[in-house]
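I opened this entry to record what I looked up in the model, beginning with a loop residue and working outward from there.

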Amino acid sequence: WDAATGLPLGEPFRGHTSSVNSVSFSPDGTRVVSGSFDSTVRLWDAATGLPLGEPFRGHTESVNSVSFSPDGTRIVSGSWDSTVRLWDAATGLPLGEPFRGHTSSVYSVSFSPDGTRIVSGSYDSTVRLWDVVMGQQFQEHTEIPIPTNTSNNHDICFASDLEYTLPNSAELFHDHLHSTLLSQTDGWMVGADDRLLFWVPPTSREQPFHSPGTVFVIPSVQQIDLSRMAHGEHWSNCRDISTCR
């Protein structure tokens, strides 16, 4: 895309056989790397949109995150298969064995500025730091505390800033946590006991905005601040005593 105009530059890059989860430019801007649900990493010519070589194969499940090394010679990837892999950007071949240590899906990977370390973040609630040369961890891991009710913490936002997210939204969903909440026929967002929560304009329905942890809607023009909205069991909070006389 043209960052100034928002217009597409050329045709889509085609080659993956399933959804694309992550993309990143090479440091010099001439190449693009992508990771896909089809379990492959692909490299592209940024100017032509053509694939450079064959797909990088090695992961056994979806590739969730990809990133170039600072010098552009290597690519790191993280996958649902719980591994981090390092690739030769020129040949597409794996460099060494997979980095193993995470016990669940790896969702984010990145190089250090000097290219000697890799950091990864996983669904197992840990961040791990890896030595690129040795292919080993620098340290065991760093635990990241996650609220016990994470599965209920859906974000509802009608603005581009999460500061305006609706608070205490968990009670609106209940048994709909892992189902599609948006009715494509009439545009209503449905909560627990089939209660109608809000209506989504047709233009906002065109792109999916629901994931297991997030409901995120950004209208094209109007934005709504829901951060102080009182609902459900919190309805009594709508009266701000400090303003009463």
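I started at W80, which I found in the loop between β5 and β6. The model is a predicted one, and I kept that in mind for every entry below.

Is W80 buried, partly exposed or exposed? I looked up its relative accessibility, which is 32%, so W80 counts as partly exposed, a class that lies between the cut-offs of 20% and 50%.

I then asked which residues share a surface patch with W80. The patch is nonpolar and is formed by W80 together with F37, Y107 and Y123, and the four have about 450 Å² of accessible area together.

Next I turned to the two strands on either side of that loop. β5 covers residues 74-79 and β6 covers residues 83-88, and I noted that they pair in the antiparallel sense over 5 bridges. Within this pairing, R74 stands opposite D88 in β6.

I followed the pairing outward to see which sheet these strands belong to, and found an open sheet of 4 strands in the order β4-β5-β6-β7, with antiparallel pairing. Its edge strands are β4 (63-68) and β7 (99-100), each of which pairs on one side only.

Last, I checked how far the prediction can be relied on by its own score. The protein chain averages a pLDDT of 76, and 62% of the residues score at least 70. I marked two stretches where pLDDT stays under 50: residues 140-153, for which the model has 18 contacts beyond four places in sequence, and residues 208-214, for which it has 20 such contacts.

Terms used:
Residues are numbered from 1 along each chain as its sequence is written. This is a predicted model: local features need pLDDT of at least 70, side-chain atom pairs count only at pLDDT 80 or more; totals for chains, interfaces and linings use all residues. Side-chain values use heavy atoms; hydrogens and water are left out. pLDDT is the predictor's confidence in each residue, from 0 to 100. Contact means heavy atoms within 4.5 Å. Two strands pair if DSSP finds at least two bridges between them. Helices (H or I, at least four residues) and strands (E, at least two) are DSSP runs, numbered from the N terminus. Patches are made of residues with over 30% relative accessible area and no salt bridge: like charges are joined within 9 Å, nonpolar side chains (Val, Leu, Ile, Met, Phe, Trp, Tyr) within 5 Å. Accessible areas come from the Shrake-Rupley method with a 1.4 Å probe; for residues, only the protein chains shown count as cover. A salt bridge is a side-chain nitrogen of Lys or Arg within 4 Å of a carboxyl oxygen of Asp or Glu. Buried means under 20% relative accessible area, exposed over 50%, partly exposed in between (1.4 Å probe, protein chains only).
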